[in-house]
Amino acid sequence: MSSVLLTAPQMKTLMDTEPTVVIDARNPDAYAAGHIPGAVNIHDIFTFLATSSPEGLEELKAKFAETFGKAGLSGKETAIIYEDAMNTGFGMSCRGYFLLSYFGYPKVRILHGGYQAWLAESLPVSTEVPTPIPATFPLIDTGTDLMIGKDEILAALGSESPVLLDVRDIDEWIGTSSSPYGKDFCPRKGRLPGAVWIEWYRLMKPGAIPMFKAPEEVLAECATVGISKDTPVYLYCFKGARASNTLVALKSAGIENVKLYFGSWNEWSRDPSLPIEEGLPYAVA
């Protein structure tokens, strides 16, 4: 899994020696101001909201099979995804990695440190918008190998395994806000019953260019909530972006049995029949 993460010099070498499609997940304005040469801008990787219903998953597959095909991904090219920095885009590059992996794409990499890591190496940038050669995207059904839905979450409630791991920001975890889009964006605030919590920022080292912590450091963070290398983990956040960032960190640290509830709180909170925990977690009775 660690081979998923590329340094900027490694990415430049790969671009120079192998067929690649570079995907810039940032917003269009940031992309227009300057990007890695040849990169295509697909901000929908971050913004598209999905549900785990059969209809929702079919819409997700159709949407991105078309989008990635237009970007030139045929299965032969390595897809390389980047955002501005690992801790500022709510995990958008990792969300792109997760989507491509869920669709069965064979070769997906992430620029570790994002665009800021590229700039720090004084590598070239461009404002030119490329014209990709469209391809037929090779959509493969991976079932629930990576992505799970609300049915799998419901089945896991009340059991010790798998561990439900909430990686949202603190205000969402304690139930004072429903989402990064606004405190009342979703109809309910709270948590999945029985979930444990590691705020996604904790798995990255702060600094001029934030990077994921070393594997032993990630494992130390996970141990605080009872997660080891052998623990099955179900991840969630608001819409699967921060959870995708966490999935990459966990798998890079050797925690392999990790699945992501992609609909996350955006889906769960909108169904009043689904149980939630409200109020302050760990409050003394």
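1. Leu49 sits in the loop that runs between helices H3 and H4, and in this predicted model Leu49 counts as partly exposed, its relative accessibility being 36%. Together with Tyr181 and Phe185, Leu49 makes up a nonpolar patch on the surface, and the accessible area of these three residues taken together is about 260 Å².

2. The helices on either side of that loop are also joined by a pair of charged side chains, since Asp44 and Lys63 meet in a salt bridge with an N to O distance of 2.5 Å. Asp44 belongs to helix H3 (residues 44-47) and Lys63 to helix H4 (residues 54-70), so this pair ties together parts that lie 19 residues apart in sequence. Both ends of the bridge are partly exposed: Asp44 has a relative accessible area of 30%, and Lys63 has a relative accessibility of 24%.

3. A salt bridge of a more local kind is found in helix H1 (residues 8-17), where Asp16 and Lys12 are four residues apart and are therefore separated by about one helical turn. Their side chains meet at 2.7 Å, N to O. The two partners fall into separate exposure classes, for Asp16 is exposed, with a relative accessible area of 52%, whereas Lys12, at 25% relative accessibility, counts as partly exposed.

4. Another pair to look at is Lys189 and Asp184, which form a salt bridge whose closest N and O atoms are 2.6 Å apart. Here again the acidic partner is the exposed one, with Asp184 at 61% relative accessibility, while Lys189 is partly exposed, with a relative accessible area of 25%.

5. Salt bridges can also be followed beyond single pairs, because Asp169, Glu172 and Arg242 are linked in a network of such bridges. For the model as a whole, the count of salt bridges comes to 14. As general background, side chains of opposite charge can pair when their charged atoms come close.

6. Charges of like sign gather as well, and a patch of negative charge on the surface is made by Glu55, Glu58, Asp141 and Asp145. Within this group, Asp141 is placed in the loop between helix H6 (114-120) and strand E6, and Asp141 is exposed, with a relative accessible area of 62%.

7. Strand E6, which follows that loop, takes part in an open sheet of five strands, whose order is E6-E12-E11-E7-E8 and whose pairing is parallel. Strand E6 (147-148) and strand E8 (196-197) stand at the edges with a single partner strand each, so that one side of each has no neighbour in the sheet. Further inside this order, strand E7 (residues 163-166) and strand E11 (residues 233-236) run parallel and are joined by four bridges. A reader who wishes to find this pairing in the structure may begin at Leu164, which stands opposite Tyr234 in E11.

8. A last point concerns Arg109, which is found in strand E5 (residues 108-111) and counts as partly exposed at 23% relative accessibility. Computed along the sequence, Arg109 and Gly207 are 98 residues apart, and their C-alpha atoms are separated by 23 Å in space.

Note on methods:
Residues are numbered from 1 along each chain as its sequence is written. This is a predicted model: local features need pLDDT of at least 70, side-chain atom pairs count only at pLDDT 80 or more; totals for chains, interfaces and linings use all residues. Side-chain values use heavy atoms; hydrogens and water are left out. Two strands pair if DSSP finds at least two bridges between them. Helices (H or I, at least four residues) and strands (E, at least two) are DSSP runs, numbered from the N terminus. A salt bridge is a side-chain nitrogen of Lys or Arg within 4 Å of a carboxyl oxygen of Asp or Glu. Buried means under 20% relative accessible area, exposed over 50%, partly exposed in between (1.4 Å probe, protein chains only). Patches are made of residues with over 30% relative accessible area and no salt bridge: like charges are joined within 9 Å, nonpolar side chains (Val, Leu, Ile, Met, Phe, Trp, Tyr) within 5 Å. Accessible areas come from the Shrake-Rupley method with a 1.4 Å probe; for residues, only the protein chains shown count as cover. Lys and Arg count as positive and Asp and Glu as negative; His and the chain ends are not counted. The place of a charge is taken as NZ of Lys, CZ of Arg, CG of Asp or CD of Glu.
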